[in-house]
Each structure stands twice: as structure tokens, then as C-alpha cells.
Amino acid sequence: MPESLQRILNQITEFWNGLDNIKKITIGAVIAVTIIAFFAMGNYSQKPEMIRLYDTDLSPQEYASISESLDAMGYDWSGSGTSTIYVSSTDRQEIITKLAQDNLIPVGVEGWEIFNMSRWDETTFDKDVKLHRAIKGSLEKMLMSLEFVKKANVELAIPKSNNFLTDRDPVKASVMLILEPGQENISRKQVLGIKNLIYRAVPKLKREDITITDQYGKQFMEPDEIDQAQRELDLVDRKKQFEEQIRKKWTEELKGSLHEFYEEDRISIVRVALDVNWDKVSEEQHLVSPVEATPENPETPYPDRELMPNGTLVLSENARQERFRGNGFTPGGPTGTESQLPPGYRDQDYQRSEYGNNDVIRNYDYNRTDKKIERQPWEEKARSVAVMVDGIWLRKGVKEDGSGYIREYQAPTEEELKTLENLLKASLLYKRSRGDQIVVEHLQKDRSAEHEAEDAALRQKLMIQRLLIVSAVALAAFILIYLLYRAIKKEIARRRRLREEELAAQQQLMREAALRVADEGAAEVELSVDEKARREMLENAINLAREKPDQVAKLLRTWLSEET
């Protein structure tokens, strides 16, 4: 490092070390603010220049719509009042083009600029050529600022002006666009925007005289008559949907009201028709009516309207009276010629006469009303409602064979149909002059299937009743037979028990007698071993029968049943 630079650094270090903390902070803050200011100035100087979007003042409506569109497209802009908008100079041409696509170019703004410099030796032809080139170059520059256009070529056919308006040829424009690679086509909205830009930039140019093609001769079309026809068809469909919606609404309301008084299957609304006139009519009416001295009083039951004489009102009156008395005078002909009056009549001339004339001029007028009416885009021309009312079937009983009901049909009366028709007229605001039609007729429905179902249900019901009766009788007979069987069985058991008891008593008597004989020893009989065992068993049985006679009886019955 050079000694001079080292000496300067040492002096700066000694000076910095000799400062207190407050001075150091102050100097550092000044240096930082200075650096920040330099950076801010550099950034501000790099920003593009803001220029006016249009050279003419904008209306408040145009200012609002254009500013809203700029916010939607994401461009930086600023405004001055409600008449001027500033945008970046680099984005101005692109913004104007995109605004033209949305048809937001203000009225009076041209798409070209006239040269500010001119030479003293320029002729009218030179100025026309310069104007032509200015328009052409401005349009090509605008079109090439579009992101989808690589190159644009504009040719204008501006005819020479003459003094005969009928012989003037129209201005025409031909545009050839070379699109960016990968861009095969453009939308019709973009075509519409390009046409808006061109026909606003060229004076006396009409939209239909602009042709836009690509480099291959393919013409780009804007929304044309086909789209217009499609929009008209869509509009017709929406109108029909609206008519159908109104028709369904009326149908539901009528059904809801009628079903409160009639059963649902008795009332049928055949059709609710609505004839709507969608013509938008503008008319002017000049009405003349008589002048009223006393208007009609709606509270009186009799007409009390009084008119002025002849139904007119005197606006002005001019009366003139003429009176003449004296000698008359008859002209005799041109001056210097003799009169051609006959001698007899000439003697009677210049006699005394009188003349009178009364003229009265009165101006009368009627009540005049001038109306300018803009009718709504749809008008109900006629309403048509057809309602069918069915009668009722009354059941008088059941047929003798049980195959169905005996029925009697009762149709609605004419008074009932007339009342229903009057109610419908009042609810639908019926107007005969409009062509409305409301028809309420009696029409008997075919209810054979319904009656057949009811008769089948009746037959099934009767059959079930018969089955229930037969089942009840059979059940009662079965219960009776069962009870008889139980009674007979009990009687047989009782008789068997009595017989067993009788036999047991007889055997008991026989055993007792045998035992008495044995005890008395009346006969000495030598018994064998088996007899002794049987005798011992018999004695045990006798003793058991004495102690427990019921169990012995059951035992005997068991033995007897086994033997039988």
C-alpha cells in the first residue's frame, strides 16, 4: 500500500477513535441515509416514464370502465381527476390494443397521429400520402404489439373525395396477420377487437369493409350472422322456458285450489295455454275527448257527467260588424272606355243603398292527450284454461250373488260447473276482449278398472268371511267331539274302577273267609313249600290291603290291564 494512502487511513482511524459514541452513531446514520437515498434515486430513475393513455379527456363513465379493466389486466396506472389516465410508455400500445378488444376505446380517439412537422413545399398529394403512411404504420405497430401476432401488414383503400356523395366509393381495409409459432388460430373476440381498433383508426371506414386473413389466405371471422341466428334461437328457447314456467305455476296453483273442494281424481286440468307477444312496441297516441263541465261521480248510482256545449271549449273569439249606408257605385269598365251598361239600368244606378255584415269567428278545442308509450318486451295476448270435472259413483249395496257392488253415477250439475267457471274467470283475470278462453265441462272417466278392483276386493272379503265361518264351525265341532271323547273316556274309566273295586272286595272276602277257616283249625291239611309261600304272600297282601287299600287297588288295576 502506498505511504500516502496509509497515512490518510491512519488519520481517519485516529479521528474516528477520538470521537465519542454519539458522534459515531450520528455519522453512521448520515452515511446510511445517503446510501439509501442513492439507491432510491437509482431505482426511481429506472422506472419507465408515465404518459397519458389518450390525448383527449375521458368522461366519468369511460374513466371508470377503463380503470376497472386496467386493474383486471394487472397494469400499473395512475389518474388525474376523472378525465386522465397515465400508463407506462412501454405498455401504452399494448394497453390500447387490449382495450380495443373489449371495445373500450373512447369516442373521438383515433388510432393514428398526424405528423407535427411539415415542409413549406408540401403539396396536397404529399400530405395525403403522409396521412396514408401514418395510418398504415400506426395500425401495423399496434397489431404487432399483440402477443399472438408476429407480423402484420395493413393495406388501406382510401378513394379520392368528390363532390357527389352518391358516387363516393367506400373505404376498405385488408389486414394480413402472421401469428406466432404455435398459435394456429385466434378467437372471435380477438378478431372483434382488431376490427374495433382498425375501424376507429381509419375515418369513414365501416366494420363490414374490413378483411383479416393469415399468410395462407384463411379469413378470420367475427361473430357473424350465424352466431346472431344462434343467439336468436337461444332467446326463443329462453322465452319458451319462461312461458312453460308460468304455465306450470298456473297449473299448480289451480290444482291446489281445486283439490281443496274436489277429490284429486275428479278434477283434470287438460291444458293451461299462454299466448305471449314478445314484440317490443313503441307507439305515440293523440287522444281527443270531450270537455267535461262536471266529471262523473263514482259514488252516485246514476250517471251525472255533464259536458260543455258540443263537448268543446271556446279558446278565442273574434267578432266583426260591417255597416254601409249611401249611394252605390257600379264600375263601368276600363278607364277611357265607354260603359257597357244598358240605358235603363244606367238611369237607376247611383241610388241610395244599405249594406250590413256580421262575422263571428270562434276557435273551439277538445281535450287533447299526447302519449308516447314504450311497451314491455312481452305481453300476454290470451289465456286458455280447460278443466274436466268427473261425477261421483254412489254405492247402493251388494249384488245378490256377491260378485260386486250396485253403483249409481251422479254427474255434476250445470250450476256447479257454472260456479266453477266463474271462480276460474275471477282468479285468472279473464278478459274476453283479449281472447281468453275458460272451459269447464263434465266428462265421465272410464273407471271400469277401478270398479273391477273394488269388486275383486269385495269378493275376496266375502270369501274370507265364509272361510272364517266354516273354520269357526269346524273348530266348534272339533271341540265338541273332543269334549264328548273326554266324557266317554272318563265314564269308561269310572266303570272300570268300580268293577276293580268290586272284584277286590270279593277277593278280600274270600281271603278273609279262608283265613278264618285256617285259624279255627277245622281242617288239618299239610301244605307244601309252594303253598306255604303263596299263603304267606297272600297274608302279606291282605295286611297291606288293610293298611293301604288305595295302593292295593292301583296295583290290582295294573294287573288287570296287563292281563287284558
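Helices in this account are DSSP runs of H or I with at least four residues, numbered from the N terminus. The structure is a predicted model, and Trp 16 is found in its helix α1.

**The nonpolar surface patch**

Together with Phe 15, Ile 27, Ile 31, Ile 35 and Phe 39, Trp 16 makes a nonpolar surface patch of about 620 Å². The elements that give two or more residues to this patch are α1, which covers residues 3–17, and α2, which covers residues 21–46. Helix α2 supplies the largest share of the patch, with four residues. Trp 16 itself has a relative accessible area of 36% and is partly exposed, because that class lies between the cut-offs of under 20% for buried and over 50% for exposed.

**Salt bridges**

The count of salt bridges in the model comes to 16, and three of the pairs are set out here with the separation of their N and O atoms.

| Basic residue | Acidic residue | N to O separation |
|---|---|---|
| Arg 362 | Glu 317 | 3.2 Å |
| Arg 320 | Glu 322 | 3.8 Å |
| Arg 395 | Glu 454 | 3.3 Å |

The side chains of Arg 362 and Glu 317 meet in a salt bridge at 3.2 Å, N to O. Arg 362 belongs to strand β12 (residues 352–365) and Glu 317 to strand β11 (residues 313–327), so this pair ties together parts that are 45 residues apart in sequence. Both partners are classed as partly exposed, Arg 362 at 41% relative accessibility and Glu 317 at 47%.

Arg 320 forms a salt bridge with Glu 322, and the closest N and O atoms of this pair are 3.8 Å apart. Arg 320 has a relative accessible area of 45% and is partly exposed, while Glu 322, at 27% relative accessibility, also counts as partly exposed.

A strand and a helix are joined in the case of Arg 395 and Glu 454, whose side chains meet at 3.3 Å, N to O. Arg 395 lies in strand β15 (residues 392–398) and Glu 454 in helix α10 (residues 448–520), so the pair ties together parts that are 59 residues apart in sequence. Salt bridges with shared partners bring Arg 395, Arg 407, Glu 454 and Asp 455 into one network. Within that network, Arg 395 counts as partly exposed, at 49% relative accessibility, because exposed would require over 50%.

Methods: Residues are numbered from 1 along each chain as its sequence is written. This is a predicted model: local features need pLDDT of at least 70, side-chain atom pairs count only at pLDDT 80 or more; totals for chains, interfaces and linings use all residues. Side-chain values use heavy atoms; hydrogens and water are left out. A salt bridge is a side-chain nitrogen of Lys or Arg within 4 Å of a carboxyl oxygen of Asp or Glu. Buried means under 20% relative accessible area, exposed over 50%, partly exposed in between (1.4 Å probe, protein chains only). Patches are made of residues with over 30% relative accessible area and no salt bridge: like charges are joined within 9 Å, nonpolar side chains (Val, Leu, Ile, Met, Phe, Trp, Tyr) within 5 Å. Accessible areas come from the Shrake-Rupley method with a 1.4 Å probe; for residues, only the protein chains shown count as cover.
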